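Subject: Structure handover

Hello,

Here is the structure I promised to pass on. Please open it alongside this note; my findings follow below.

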Amino acid sequence: MFVFKRRTCRGFTLVELLVVMAIIGVLMGLLLPAVQAAREAARRSSCLNNMAQLGLAMQHHDFSVEHLPSGVINPTGPIRSEPIGMHVSWAVQILPYIEQPNLYNAFDFSLGAYAPENQRVRSCIVSTFLCPSNPGISLHRSAAESESPVAESHYAGCHHDGEAPIAEDNNGLLFLNSKIRYAEILDGSSQTILLGELKPDAEQLGWASGTRSTLRNPEGFGQQQTYTAPAEGMGGGAPVKPEIKLGSLDVGTFDSFHVGGATFGLADGATRFLTYSIDSQLLRQLANRADGELLSKGF
């Protein structure tokens with residue numbers, strides 16, 4: 001006579017389930033930062049590629065017309081960051097060299113950047129002008145032109161080695177009506193900044209505008225322009241960046257959406273990621289095309 005024993009299936013207890021969930025939570029906590037870091041590394045690599053493409057386009061412009069594009073084309077100066085004047089930016093001038101001939105041909109240079117006839121071009125998003133780490137949108141209505149949406153640029157030409165109005169006497173490579181030839185970069189193209197990153201402000205006028213929307217300088221780059229906002233009901237809080245109100249003649253510094261620094265393009269076509277800890281004097285030397293000074297430190 002056979003006796004059959006019923007086998008009972010034992011399930012997880014609540015404690016075991018909680019332990020498994022806790023282990024999974026710990027593993028996810030360890031994994032997510034690594035995933036985010038990998039994604040940011042990929043975005044930074046893409047940003048470096050954009051910068052390299054823009055630098056190559058600048059060189060092609062020089063090959064074609066024997067000088068770099070003007071930082072901004074305008075009859076008079078200094079340049080005010082207002083939608084008044086021609087203000088045709090370097091970004092418009094290099095459109096044929098970044099595979100955007102249709103935009104270039106549709107832009108009427110004689111009317112200037114803010115003419116209604118050029119609005120359609122200004123509202124076109126050009127991916128080469130955008131940093132992949134930008135967390136927001138790249139087409140918006142600026143405070144200066146509430147009725148006109150404009151497409152941003154996250155890359156700016158270096159107009160001067162310090163904070164100064166955009167004018168014809170700037171010592172960078174891209175400034176008012178500039179036509180710099182490589183022979184005029186006396187400090188060497190491998191030691192002179194051509195382009196850097198920027199964070200658009202509320203007065204963003206778009207990539208077609210040769211104002212602080214596409215031109216910047218190194219003064220203030222990497223400085224700790226933060227304060228600690230007190231948490232409600234508590235004595236401490238998280239560090240936040242204060243809103244810095246710029247005047248129409250102010251230009252502002254380079255900045256980026258990356259952690260720890262920004263991407264820069266040198267005049268020889270090389271790209272470098274410079275950290276916020278870079279020596280400020282060295283950065284000013286790199287921004288000046290012909291100061292004749294020995295670099296204070298390597299970079």
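Strand E10 (residues 261-266) is mostly covered: six of its six residues are buried. Please keep in mind that this is a predicted model. E10 has strand partners in E6 and E11. With E6, the pairing is antiparallel and runs over three bridges. Here leucine 195 stands opposite glycine 265 in E10. With strand E11 (residues 271-275), E10 is again antiparallel, joined by five bridges. Glycine 265 faces threonine 271 in E11. So much for the pairing; now the turn. E10 and E11 make a hairpin with four residues between them. In that turn, glycine 269 has a positive phi of about 100°.

Next, the nonpolar interior. The largest nonpolar core has 37 residues. Met58, Trp90, Phe129, Leu173, Leu174, Leu195 and Trp207 have the most contacts inside it. Three elements give two or more residues to this core: helix H1 (14-65), helix H2 (90-93) and strand E6 (193-197). H1 supplies the largest share, five residues. Leu195 is thus a link between two parts of this note: it is listed among the core residues with the most contacts, and it stands opposite glycine 265 in E10.

Methionine 58 is worth a look on its own. Leaving out residues up to four places away in sequence, methionine 58 touches Leu68, Pro69, Trp90, Ile94, Leu174, Leu194 and Leu195. There is also a second, separate core, of 15 residues. Phe254, Phe264, Leu286 and Ala287 are among its members.

On the surface, Leu14, Leu17, Leu18 and Met21 form a nonpolar patch. Together they have about 420 Å² of accessible area. Methionine 21 lies in helix H1, the helix that also gives five residues to the largest core.

Now the charges. Side chains of opposite charge can pair when their charged atoms come close. How many salt bridges does a search of the whole structure find? The search finds four.

- Aspartate 161 and arginine 284 form a salt bridge, with the closest N and O atoms 3.7 Å apart. The pair links distant parts of the chain, 123 residues apart. Aspartate 161 is in the loop between strand E5 (155-158) and E6, and arginine 284 is in helix H5 (residues 280-287). Aspartate 161 counts as buried because its relative accessible area is 13%, under the 20% limit. Arginine 284, at 30%, is partly exposed.
- Arginine 212 and aspartate 201 meet in a salt bridge at 2.9 Å, N to O. Both residues are in the loop between E6 and strand E7 (215-216), 11 residues apart. Arginine 212 is buried, at 4% relative accessibility. Aspartate 201 is partly exposed, at 26%.
- Glutamate 184 and arginine 181 also meet in a salt bridge, at 3.7 Å, N to O. Glutamate 184 is partly exposed, with a relative accessible area of 31%. Arginine 181 is partly exposed too, at 45%.

Which residues are linked in a network of salt bridges? The network contains Asp161, Glu219 and Arg284.

If you want a starting view, try glycine 265, with leucine 195 opposite on E6 and threonine 271 opposite on E11. From there, go on to aspartate 161 and its salt bridge with arginine 284.

Best wishes

Note on methods
Residues numbered from 1 in each chain as written. Predicted model: local features only at pLDDT ≥ 70, side-chain atom pairs only at ≥ 80, totals over all residues. Heavy atoms only, no water. Core = buried A, V, L, I, M, F, W, Y, C linked by side-chain atoms within 4.5 Å. Buried < 20%, exposed > 50% of the residue type's maximum accessible area, 1.4 Å probe, protein only. Contact = heavy atoms within 4.5 Å. Patch = residues over 30% accessible without salt bridge, like charges linked within 9 Å, V, L, I, M, F, W, Y side chains within 5 Å. Areas by Shrake-Rupley, 256 points an atom, 1.4 Å probe, with all protein chains shown as cover. Salt bridge = Lys/Arg side-chain N within 4 Å of Asp/Glu carboxyl O. Pairing = 2+ DSSP bridges.
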